[in-house]
Each structure stands twice: as structure tokens, then as C-alpha cells.
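Trainee: I should like to learn how to read the packing and pairing of elements in a model of this kind. May we take one feature at a time?

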Amino acid sequence: MTTSLPASLPVDADTGAGYMGFVGVSTGSSSIMQVFPRWADVLGLPTRELVGHDLPMDATPAQYVAMVEQIRDDPNHRGALVTTHKMNVYAAASDLFDELDPFAVSCSEISSISKRGDRLIGRAKDPITVDLALNDFLPADHFARTGAEVVILGAGGSGTALSWALAERADAPTRVTVTARSDEALEHLRAVHAQHGTAEGLIRYVRTDSPAEAAALVAAAPAGSVIVNATGLGKDRPGSPLPDDVVFPEDAYVWEFNYRGSLEFLHQARAQEQARSLVVVDGWRYFIHGWSQVVADVFELDLTLKIVEQLAEAAEFARR
């Protein structure tokens, strides 16, 4: 079920217990719409209803305020996950929340909207979920053993969260390069790390005005480095931050944050998978961790590794 800021919505027909929301760009095409009812059964949730709130990429602050006010004021609305719009929601509507967690304040983003009585809570779950997804495929001693680095293409919410998680990692890389197409985005990221107290010199902030400039950074990374597409290209809009003639480092881990869409970056990596001995990872596990953490937040649940694996198994039918 997908809607754009409805005046009202019915409570769950089966349980009378309302519904959960999903704030995105094209929520109806997300696998979670088919997955959520199965997760509700696994977790014993009071509702199986997930409602999409679609906002355009260029949504106005007033649209974000209206969306948050709707969630706050509708007693049937249990809370919501926010994807593409998480930084804009914070910028436009953070003052509507009664409580924001330290990640939300430091990263200036809200990815989880929940309610506790009459209090509206905003949290930034990405630093947690991106770390869980990273640990699913990267050996715990990878950076100490190889001297590899990380190149994060994109300084938005997901790129910021990954750079934060890497700075906290016991096995931290020697350097994390984060790219963006604007100085403003990089200055925001720099401020986030300054407030966080990230070690000086760990993060390198690079503006790239063209895919060729980004490709040069990727090609110069040491063998075994982690190369990440955190731009949204290949999902929210077609394209890749890299040209087709990019050369990935040998033995690199190439991580596409998206799991659906045109996925040009993922296809570029798979074209070199054998020749460059790459480990190519899509965003499916990131999707699983991201959604399960927010569902747990909205419905006040404790997740164990066993439960997460049950959720992953229940969702596997929808993977494509």
C-alpha cells in the first residue's frame, strides 16, 4: 500500500492495531512491502500493515513537516522508517521531536521515527545497521592484516554513517576517503567527525566533479580496499558514480548499498569480479539489518542474531 500524505488511513483490518510507515521516494516497489507481513508473523507484531509515504527527491521543508506531523498526530500510526529523506527530515522537522538520539544529532539525520506514549522519538540507526552489514562480509581483522583502505563514494546519510562506524571499528582502516560532488556535503561530514572526535587524518574529504575523478581515487586505493557506492545512483536515479572503464583494486571488497534498481555500479564490479579477484556485495543484508533495527525500535523489541536470521530467511523470497 503506497500513499502520499493521506488525510487518514484505516487501522489494520485484522488487529485494529494501526500501521507502520515507510518514508521514501518509490516505496511501492520496495521488497519490504511484501516482506513486512511475514516479519509481523515471525515477530508477533500487533499489525501487518505497512504504509508508504512517497516524497519526491526535491520535496520542500513544508512537505517534511507535514509528514512528521501526520505521524505524530495520527494515533493509528505506530512510527516509520525513513530512507532517502533522512537528512532532509532532520533539517526540516527535527524540532517536532521530543527526543533525538546522539547519532541523530551528530549525523543530522533521522532514519527511525517511533512513539513512546505522547513522545515522538527520532533516531539515526544507520551507524549501527551499516556496521552490522559490514561485519557480515568483512573479516574482523581485515584492515590490520592487509593495510587496506576504504573509499566511500557519497557523503550523504549512508556514507556518513559508514565513515562513523569505521572510525569506531576496533580494526580501523588506515584511511577512509569520502567523496562528494559539493563542498557543502563534505563540510557537513567534516563537522560530524569533529563533533564525534574522530582521529585526525583518518578521514580524507575529496570533492569529485566527474566520474573520472572518482575512478582515479578508486584505482589508486591499495589492494584489498573496500569500495562503496553510497550515492543512491542506481536506485533513486539511474547511473553510477564511476565510469565503465574504472579499474577496481585487486582483491577489493566492492559494496553496492542498493539491492534494487538499475544497479550500474554493481554491474561494473561484477564485470571485473574474476579478473580482479573482487568480492562483490549488494545491499540485501544492509536492507535486512536496516529494516529489522527500525521495526524493533518502533515496536520496542530486542533482536538477537537468531531472530535476525529468521527474518532474513522469511524475506529471501522477495530478493531479486
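Trainee: Which strands does helix 5 lie across?

Mentor: In this predicted model, helix 5 (residues 126-137) lies across strand 12 (253-256) and strand 13. Its direction makes about 140° with strand 12. Helix 9 (residues 211-220) also packs on the sheet, where it touches strand 8, strand 9 (176-180), strand 10 and strand 11. The direction of helix 9 is at about 160° to that of strand 8.

Trainee: In what order do the strands of the open sheet run?

Mentor: The order is 10-9-8-11-12-13, six strands with parallel pairing. Strand 10 (203-207) and strand 13 (279-281) are the edge strands, each pairing on one side only. From one strand to the next, the twist averages 15°.

Trainee: How many bridges join strand 8 to strand 11?

Mentor: Four bridges join strand 8 (residues 150-153) to strand 11 (residues 226-229), and these two run parallel. Within this pair, V151 has I227 as its bridge partner. Strand 11 and strand 12 likewise pair in the parallel sense, over four bridges, and there V226 stands opposite Y253.

Trainee: How should I read the side chains along a strand?

Mentor: In a regular strand, side chains alternate between the two faces of the sheet. Strand 12 offers a case: Y253 and W255 point one way, while V254 and E256 point the other way.

Trainee: Are these four residues of strand 12 buried or exposed?

Mentor: Y253, V254, W255 and E256 are all buried.

Trainee: Through which helix does the chain cross from strand 12 to strand 13?

Mentor: Let us take the pairing before the connection. Strand 12 and strand 13 run parallel and are joined by three bridges, with V254 opposite V280. The chain passes from strand 12 through helix 10 (residues 264-271) to strand 13, a β-α-β crossover that is right-handed.

Trainee: Why should helix 11 span 22 Å?

Mentor: The reasoning rests on the rise along the helix. Helix 11 (residues 284-299) has 16 residues, and at 1.5 Å a residue it should therefore span 22 Å, the expected span being 1.5 Å times one less than the number of residues. The C-alpha atoms at its ends are 22 Å apart, which agrees.

Trainee: How many residues of helix 11 are buried, and what follows the helix?

Mentor: Helix 11 is mostly covered, with 15 of its 16 residues buried. After helix 11 comes E300, which has a positive phi, near 55°.

Methods
Residues are numbered from 1 along each chain as its sequence is written. This is a predicted model: local features need pLDDT of at least 70, side-chain atom pairs count only at pLDDT 80 or more; totals for chains, interfaces and linings use all residues. Side-chain values use heavy atoms; hydrogens and water are left out. Two strands pair if DSSP finds at least two bridges between them. Axes are lines fitted to C-alpha atoms, for helices over the stretch in contact, and angles run from 0 to 180 degrees between N-to-C directions. Contact means heavy atoms within 4.5 Å. Buried means under 20% relative accessible area, exposed over 50%, partly exposed in between (1.4 Å probe, protein chains only). A crossover is right-handed if, with the strands pointing away from the viewer, the path from the first strand over the helix to the second runs clockwise.
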